[in-house]
Amino acid sequence: MILKWLFDRTAAAVGLLLLWPVFLIVAILVKVKMPGGPVFFVQKRVGLDGRLFNCHKFRTMTVRHNGSTVSVAGDRRITPLGATLRHYKLDELPGLWDVLVGNMSFVGPRPDVPGYADKLEGEDREVLCLRPGITGPATLKYRLEDEMIAEYINSMKTVEARRSNGVPTELTDEQLAVWYNDNVLYPDKVRINRYYLHHYSFVKDIQMILCTVLGRRMEYGGEVI
């Protein structure tokens, strides 16, 4: 994957040089609209071969909050500006720095928080052989993940709906979001990322990047993502 490595470093450097005005505008908006906290959200994530690194994003949540690592559309922790940044993926722009220094790639699995990577077993641990990506097949498929989780919660409001879908009936909405992520979304993401590992294509990487930027879908591995 030498071509991938060279592309990542070159494109990240060019992107940082060209997009610095956007960085400046977003940083000012975060400071003005979300005062009292840092511009950037920095969190330890699991990288290549299971090594931890500092992942950088623009902050989209309130400074003081408690809750799970799974966010939902309409989550009170997410500010109005943060929701806009997330919708247009502008909060991901600082990831260009993570790509430039080699902690991430443009295309790959989303960088997990330590607790999730620790649960990977058997062949699923293959995904740790990949450098985490700003975008990727799983990211494209679940680009509106917050909205999907919110819709799922709304569809599971009744005891009958939960029982018929094998969902524990005693879960709160926040707990249900975590259950849905852990039992449905995350395993599917691991499946897609394992397919990416075994069917790597630089051409597909470029296609995924373009689809991310343009908000388009594409055929990949026999499904539309």
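Here is a walk through this predicted model, from its nonpolar cores out to its aromatic pairs.

Let's start in the middle. In soluble globular proteins, nonpolar side chains tend to be buried together. The largest nonpolar core here has 28 residues, and Phe58, Phe106, Met208 and Met218 have the most contacts inside it. Who supplies it? At least two residues each come from α1 (2-33), β2 (52-58), α2 (80-87), α3 (95-100), β3 (105-107) and α9 (202-214). The largest share, five residues, is from α1. There is also a second, separate core of twelve residues, with Ala161, Leu171, Leu176 and Tyr180 among them.

Zoom in on Met208, one of the well-connected residues of the largest core. Leaving aside neighbours within four places in sequence, Met208 is in contact with Val107, Thr135, Gly136, Pro137, Leu140, Tyr196, Met218 and Tyr220.

Next, take α2, which makes a neat little example of helix packing. The buried residues of this helix are Leu81, Gly82 and Leu85. Viewed down the axis of α2, they fall within an arc of 100 degrees, so they line one face of the helix. The general background is simple: an α-helix has 3.6 residues a turn, so residues three or four places apart point the same way. As for partners, the buried residues of α2 pack against α1 and β2. Just after α2, Lys89 takes a positive phi of about 60 degrees.

Now for a polar residue. Ser105 is found in strand β3. Is Ser105 buried or exposed? With a relative accessible area of 1%, Ser105 falls under the 20% cut-off, so it counts as buried. What does its side chain do there? The side chain of Ser105 makes a polar contact with the side chain of Asp8, at 2.6 Å. A polar atom of the Ser105 side chain also lies 3.3 Å from the backbone oxygen of Val107. Not counting residues up to four places away in sequence, Ser105 touches Lys4, Asp8, Val99, Arg131, Pro132, Gly133 and Ile134.

Ile134 turns up again around Thr139, a residue of helix α5 (residues 137-141). With the same sequence neighbours set aside, Thr139 touches Arg110 and Ile134. Thr139 has 17% relative accessibility and counts as buried. If you like distances, the C-alpha atoms of Thr139 and Glu160 are separated by 31 Å, with the two residues 21 apart along the chain.

On to the rings. A pair of aromatic rings is described by the distance of the centres and the angle of the planes. The count comes to eight aromatic pairs. In one of them, Phe7 and Phe202 have ring centres 5.6 Å apart and planes at 80 degrees, so the pair is edge-to-face. Phe7 sits in helix α1 and Phe202 in helix α9, so this pair ties together parts that are 195 residues apart in sequence. Phe7 is partly exposed at 27% relative accessibility, and Phe202 is partly exposed at 24%. Tyr195 and Tyr220 make another edge-to-face pair, 5.3 Å centre to centre with 85 degrees between the planes. Tyr195 belongs to helix α8 (residues 173-198) and Tyr220 to strand β5 (residues 219-220), so here the parts tied together are 25 residues apart in sequence. Tyr195 is partly exposed at 31% relative accessibility, whereas Tyr220 is buried at 5%.

Ring pairs also link Phe7, Phe106 and Phe202 into a cluster. Finally, Lys119 lies over the face of Tyr116, at 5.3 Å from the ring centre.

Terms used. Residues are numbered from 1 along each chain as its sequence is written. This is a predicted model: local features need pLDDT of at least 70, side-chain atom pairs count only at pLDDT 80 or more; totals for chains, interfaces and linings use all residues. Side-chain values use heavy atoms; hydrogens and water are left out. Helices (H or I, at least four residues) and strands (E, at least two) are DSSP runs, numbered from the N terminus. Buried means under 20% relative accessible area, exposed over 50%, partly exposed in between (1.4 Å probe, protein chains only). Contact means heavy atoms within 4.5 Å. A nonpolar core is a set of buried Ala, Val, Leu, Ile, Met, Phe, Trp, Tyr and Cys residues joined through side-chain atoms within 4.5 Å. The arc is that of the directions from the helix axis to the C-beta atoms. A polar contact is a pair of N or O atoms within 3.5 Å; within protein, one must be able to donate a hydrogen and the other to accept it, and residues adjacent in sequence count only if both atoms are side-chain atoms. Rings of Phe, Tyr and Trp (its six-membered ring) pair if their centres lie within 6.5 Å; planes under 30 degrees apart count as stacked, over 60 as edge-to-face and the rest as tilted. A charge sits over a ring if NZ of Lys or CZ of Arg is within 6 Å of the ring centre and within 35 degrees of the ring normal.
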